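Me: Please take a close look at one part of this model, a sheet and what surrounds it. Keep the cut-offs explicit.

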Amino acid sequence: MQQFPCPYCGLRNETEFHFAAESGKTRPDTNTPIDDKHWSDYLYQNYNPKGTSKEVWMHLACREVFLMTRDTVNMDVLEVQALRGEHHD
Amino acid sequence: MTSFRHTSWGQVDRQKSIPFTYHGKAMSGYAGDTVASALMANGETIVGRSFKYHRPRGFWGASWEEPNGFFDIQVGQQHFTNCQGTSTQLLAGMSIQSINGFPSARYDIKGGLDLLQRFMPAGFYYKTFMAPDWHLFEPSIRHMAGMGRLNGENLHADSLSQKQFRNVQTLVVGAGIAGLEAAYQAAKAGQRVLLVDDKANPGGSYYGGQGLIEEQASADWIAQRLAALQAMGAEVMLSTTAFGIYDHQLVALAQQDNLTSTSKLIKLRVEHLIIATGCIDRPLLFANNDLPGICSAHAARTWLQSYGIVAGQRIGLAINHRGYAELSKQFTAAGAEVVDINLNNGPISAHGWRQLKSVKQGRQQHQLDSLLTSASLTPVLSLWSQAGGQLKWHAQWQTMLPADGPAWCHVVGSAAGHFGDAECLHSSRHYAQRIPHKDTAFVIVNQQPNDNQGRQWVDFQNDVTSKDIALAARENYTSVEHLKRYTTLGMAIDQGKSSNINALMLMAECTNKPVAAVGTTKFRPPFTPQPLSMYRGKSSGKLLNPPKRLPLEQEHRHMQAALKEYGGWLRPAWYGTQAWDQAVNQEVLHARTKVALLDATPLGKIEVMGPDAKAFLNFVYYNNMASLTAGQIRYGFMLTEKGVVFDDGVLTCINNHHYLVSCSSSHADGVEGWLEAWRQDGHNPERIFIHNTTAQWATLTITGPAAKSLMQSMDWGVDLDNLAHMQFTQGSFKQHPVRIARVSFTGHTSYEISVPSSQAKSLWHTLLEQGKPFDIAPIGLEALSVLRAEKGFIIIGKDTDGETMPQDLGFAGPLRNKTQAYIGDRSLRLEKAQGTNRQQLVGITVNGQQPLATGAHIVTGELENKQSIGYVTSSYFSPTLNAPIALALVKNGHQRMNQKVTVFNQGSQLIATVTQPTFVDLEGNFIDA
């Protein structure tokens, strides 16, 4: 059982969290033409890195979405960052 | 082996006799005995049969490393299988049977299998029983090779085990002298310390011993350390096994006092872990080294010190190092004749039939009934390895030692190669500094691999010999993981605890590689077998997954509702005591002819507010929601980015900054999370706010031809005369707010009335009372399912699957007309989404009265050309039509209207007709009836 630090609630068991996406993906503007390749990359292409991975997670208990950088080899959590850092004291 | 009980030695309580039976024969032991020590005291020498050849075997180990003596044990009404004799405490009334021997280990009628051994090398089963089909041979082989037997009843599955979650600063595993000293040092440094040991008594190899520790009697030294720990507030837990290390410094502990007592699983989060798990003997390889009477020297010492069991009358010592200097003296003092065998004088071989009789070395022959062996010491490093610690091969000592590892873990004492007492205590005293071991402190006598004649057993329980390992190497199963699977080495109950190192050395020799290059198999938890019931604890049934309860549950029970689980909620399925199908038919007809009352409280109610709420919802929904004005309701879908329907429901516009998302009852949490994720990651979360108010509002639905009259007969503090279908208003109910929405899931005039949950009972009773003149009656979820299917209203996840897009359900409008971006939009324009071969929602009708099976396939072609083109998603008997109806997803379904199709289910076929997915009220007149 891993433990993740929610930026708002502190250290909690991994069962309270939900993985959302790898960080850094931007949704293409679908009001403009997007070719199939570009769109399918957005849907399906993930880096799934061995080592440092920056990801978007949600803490289900408080419903806050945050960024977490972790090491996928030794499971170390390297950094967490609230999506709204400037509003969090 | 003619083992016997010494008259005074050992820590058993000779005042307390413990009666038990072994294969029906009455025997007795003492309090403090294990099953193994009690059997040895009673002169039992053959206690197990090996797995493959049914060779007779005696006890070999001191505790969990024992590979031979496993038993089926009955205590009272409880039955336990494959209990390890050396680690199972003896209890009064135990009925003990050896396993894998018939009728008993001593008289095993399959013992003759051993004569066939030359025809049964490693891989024998794989090679021999391939054609025509392994499954033909499997039952008889399993019968022959099986271990303990479950008797099919009286299992201990019902005994409730407990789970505990806790943390500690420093966990010390092993309460031998290394562990006691390390725990003492950690506690002295101010750490919150927990010391655990899997044995019932502390002291490790010094328990019950006469030796000195730091010039003090060992028992006194141990007692002083324990008292000091207690004084400093450290906790000591005995009979507790640390069996696994998991992510983020979680250690799993299993605590159980004895076989029948309640077990406890402790999930412990630690800051520091000190591993003081000691070491065991590596078996010496020589011909017939598996004869009963040959055992680990460490084990024989434990038997003597703990239980007063003397391993034999004439004991040989074949010890390949100087780690047990005092053994000879100890056993002589205990009354045995001791013969020291110098392994430098050449290889030895054991002789005897079913029991050790003599040991030969060159021309020398010793008459012996017991031989204590140790090729070297093997540190117990399973936890270290699980924690991510590396192992390195120490060539001089022929053993694995800890190398680099995580900073939060420390290995001390003999587990780290500090084999002498002084080195051991020194390493514990300075555990944080990771004192390196001294290469000179321990010496292996004989470095040569033993190449004499006869079979040398590597894995005792699974009958793997040195020849089997050579065969595996010849057949190129040289990787340790392949070797393990090919020969079954290390796959027995003891998981290779005694056999691993010998196997690696033999493989290195066969492949001319250094041992370090052979590598090891991975150490995985659990370290010792743990019962599944312990992992489960109390987490089963309602305690595992408690249903959500309605505020009106008592009211439903009062009206004899059959309560079932729907999407996590305990809801009325139907009311009354008659057969369910009659009840459902009656409820459906009641809703179609009069007025019905439905508890719709679980319906998802998610409030979305804020200046950007409108734009946000228009992006989230497939349908155009931007044009929705205050008081309007619109049905719509939410899609995933892959264009697949994620949820359906209605959106209510309360005002331009305040919307109400109504989603599937079982899906409210999922939709809320989905909305939150899109709100925070992609929108400005300061301008959109989301609240899930599902539990705060109770919702009752009245539906049917008399619904409007009933509503108008009551005072809602607001005019309902002009409230049209898909409109919303707010009024008051007994001074409390009420939300009224005209939304229909039955096709008939319906009002969804929501009040604060505290007012649910009041509303329920008022509606039943005011509804009397209209003959109101409650209906359950089963009737609702039929009512909605009659109208072709879908349930997401039932009538849709992971490929269903909105156009497949007949909702292509927004795809053509909506101009703003929305989730999943681009996916709806992919080639596959636009293709002609999509599964589309249709109705299916069939003659007769019998509904189709849900899941039945719609097929084309005959016999081997038969192909599924879709399947039935919902199927009911419609009392309104007095005929069966069904919904189905069918390839190109929209083009197949009125075509005959074949419906196939479990070998039978029916002819059916494809229709529009609406069966009742095709013109939509009911909605304002």
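Reply: Two strands are taken as paired if DSSP finds at least two bridges between them. Helices (H or I, at least four residues) and strands (E, at least two) are DSSP runs, numbered from the N terminus. The model is predicted: local features need pLDDT of at least 70, side-chain atom pairs count only at pLDDT 80 or more, and totals for chains, interfaces and linings use all residues. Residues are numbered from 1 along each chain as its sequence is written, while chains are lettered from A and ligands numbered from 1 in the order in which they are written.

The sheet in question belongs to chain B: four strands, ordered 18-25-20-21, make an open sheet with parallel pairing. Strand 18 (294–296) and strand 21 (337–340) of chain B each have a single partner strand, so they stand at the edges and one side of each has no neighbour in the sheet. On average, and with direction ignored, neighbouring strands here are turned by 25° against each other; axes are lines fitted to C-alpha atoms, for helices over the stretch in contact, and angles run from 0 to 180 degrees between N-to-C directions.

Within the sheet, strand 20 (residues 314–319) and strand 25 (residues 370–374) of chain B run parallel and are joined by five bridges. L317(B) has L372(B), in strand 25 of chain B, as its bridge partner. Helix 6 (residues 297–307) of chain B packs on this sheet and touches strand 18, strand 20 and strand 25 of chain B. Contact here requires C-beta atoms, placed from the backbone, to lie within 7 Å. The direction of helix 6 makes about 85° with that of strand 18 of chain B.

The loop between strand 17 (279–282) and strand 18 of chain B contains N288(B). Although N288(B) is not a glycine, its phi is positive, about 60°. N288(B) counts as partly exposed because it has 18 C-beta neighbours inside 10 Å; a residue is buried with 20 or more other C-beta atoms within 10 Å of its own, exposed with 12 or fewer, and partly exposed in between, with C-beta atoms placed from the backbone.

Another positive phi is that of Q735(B), about 70°, again not a glycine. Q735(B) sits in the loop between strand 41 and strand 42 (736–741) of chain B. With 7 other C-beta atoms within 10 Å, Q735(B) is exposed.

Definitions and conventions
Contact = placed C-beta atoms within 7 Å.
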